[in-house]
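Here are my notes on the model you sent over. I stuck to the helices and the empty spaces.

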Amino acid sequence: MSNSLLHKPRAPEWRAVPRMDFHRLHEARLQAHYAAQWLARAARATIPKRSDDSHMNFGWDHGFGGLVTHELPDGSRLGLRIGDLTLAFLDKAPVELSLDGRTDTEVRAWLAGQMAARGLKGDVGAALPYEMPHHVLELGARYSLEELVPAFGVLSVWFSNALDILEFVRGKLSGKKLSGPAPRCWPHHFDMDVIVSFGRDQGMGVGFSPGDTYCDEPHFYLTIYPEPSIPGLPLLPAVGYWHTFKFLAAIAPAHKIVAATDPVAYCENYFDVAIGGALAARK
């Protein structure tokens, strides 16, 4: 085990992840990605804008089992429970809407009505400031949990594990006097990350993605900015590899993590080596 990160907080408990056909996980991820945009729309409509758009990002709530917005002006938070794809206002009088069988038009009407009843002003139908991956939902199709309930459950477990792993890594980094904000999920790419600055416009992103165009399965990643010379990067443990197409990132894909005897130790070793490479690349 690398000694480069001397501060070692208590390792998180790993929740067992059932093996899943990645085709079904892909579809569940896309539906969840689209569903999460309702959180982003509510936040964008009601929370004062921040220059980095962080007012639109989400936290993960273990108890709720889903993503949640920052606090809205009325004191509530809007959440998306991933396991059953349900929107919920979380406050003293919680109210929920299952998205199963509903179109985005129907969801918009419900959300607008709930916001009006709470005195929250803003247009949740406004266009998003970024493009989404193509999906039939944008053409008026309905959200559907049919045959995908196990996949949504797996996706939920991955987000739970990701939060704990990223917090674990963040704790280790604090021992090197490196700090970053709590992990947050960003609506554009639907990834959860911690941005760590080295100063002088240098740093790294330590994160988790439930899957994307370049790695269509859940994975942990580490990005370095500015991008260093590839020949100078360390060889990653067997669980990971360096992605070099269009951008540079250390990737640890799900199929290798779940095959490990000790997934937490595998992730820890992967991040130790990748972070060591990022620190060595500092100028």
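The points below take the pockets, then the cavities, then two helices.

1. Keep in mind that this is a predicted model. Everything here is computed from it, so to speak, as it stands.

2. Start with the largest pocket, at about 830 Å³. Its lining runs to 30 residues, and nearest the centre you'll find H188, H189, F190, D191 and D212. Helix 1, strand 7 (191–199), strand 9 and strand 11 (249–253) each put in two or more residues. Helix 1 is the top contributor to this lining, with four. If you care about the chemistry of the wall, the split is 14 nonpolar, nine polar and seven charged.

3. The second largest pocket comes in at about 250 Å³. Here 16 residues make up the lining, with Y34, R41, D104, M132 and E138 nearest the centre. Helix 1 and helix 2 both supply at least two residues, and helix 1 has the largest share, again four. By class, this lining has seven nonpolar, four polar and five charged residues.

4. What about enclosed space? There are three cavities of 30 Å³ or more, and the largest holds about 80 Å³. Of its 12 lining residues, Q202, I224, Y225, P226 and A281 are the closest to the centre. Strand 8 (202–209) and strand 9 (219–225) are the elements giving two or more residues to that lining. Seven of the lining residues are nonpolar, two are polar and three are charged.

5. Helix 2 (residues 104–117) is worth a look for its two faces. Its 14 residues reach 20 Å between the first and last C-alpha, close to the 20 Å expected at 1.5 Å a residue. D104, V107, W110, L111 and M115 are its buried residues. They span an arc of only 130° around the axis, which means they sit on the same side of helix 2. The face turned away from that side carries the exposed residues T105, A109, A116 and A117. Cover for the buried residues includes helix 1 (22–46), strand 3 (77–81), strand 4 (86–90) and strand 5 (95–98). Note also G119, just after helix 2, with a positive phi of about 75°.

6. Helix 3 (residues 149–174) is another matter. It has 26 residues and reaches 38 Å from first C-alpha to last, close to the 38 Å expected at 1.5 Å a residue. Because 19 of those 26 residues are buried, helix 3 is largely enclosed by the rest of the structure.

Terms used
Residues are numbered from 1 along each chain as its sequence is written. This is a predicted model: local features need pLDDT of at least 70, side-chain atom pairs count only at pLDDT 80 or more; totals for chains, interfaces and linings use all residues. Side-chain values use heavy atoms; hydrogens and water are left out. On a 1 Å grid over the protein atoms alone, a cavity is a set of points where a 1.4 Å probe fits but cannot get out, and a pocket is an open set with protein on both sides within 12 Å along at least five of seven lines; lining residues have an atom within 4 Å of a point. Grid points are joined across faces, edges and corners, and a volume is the space filled by probe spheres set on the points. Ala, Val, Leu, Ile, Met, Phe, Trp, Tyr, Cys and Pro count as nonpolar, Asp, Glu, Lys and Arg as charged, and the others, Gly among them, as polar. The expected span of a helix is 1.5 Å times one less than its number of residues. Buried means under 20% relative accessible area, exposed over 50%, partly exposed in between (1.4 Å probe, protein chains only). The arc is that of the directions from the helix axis to the C-beta atoms. Contact means heavy atoms within 4.5 Å.
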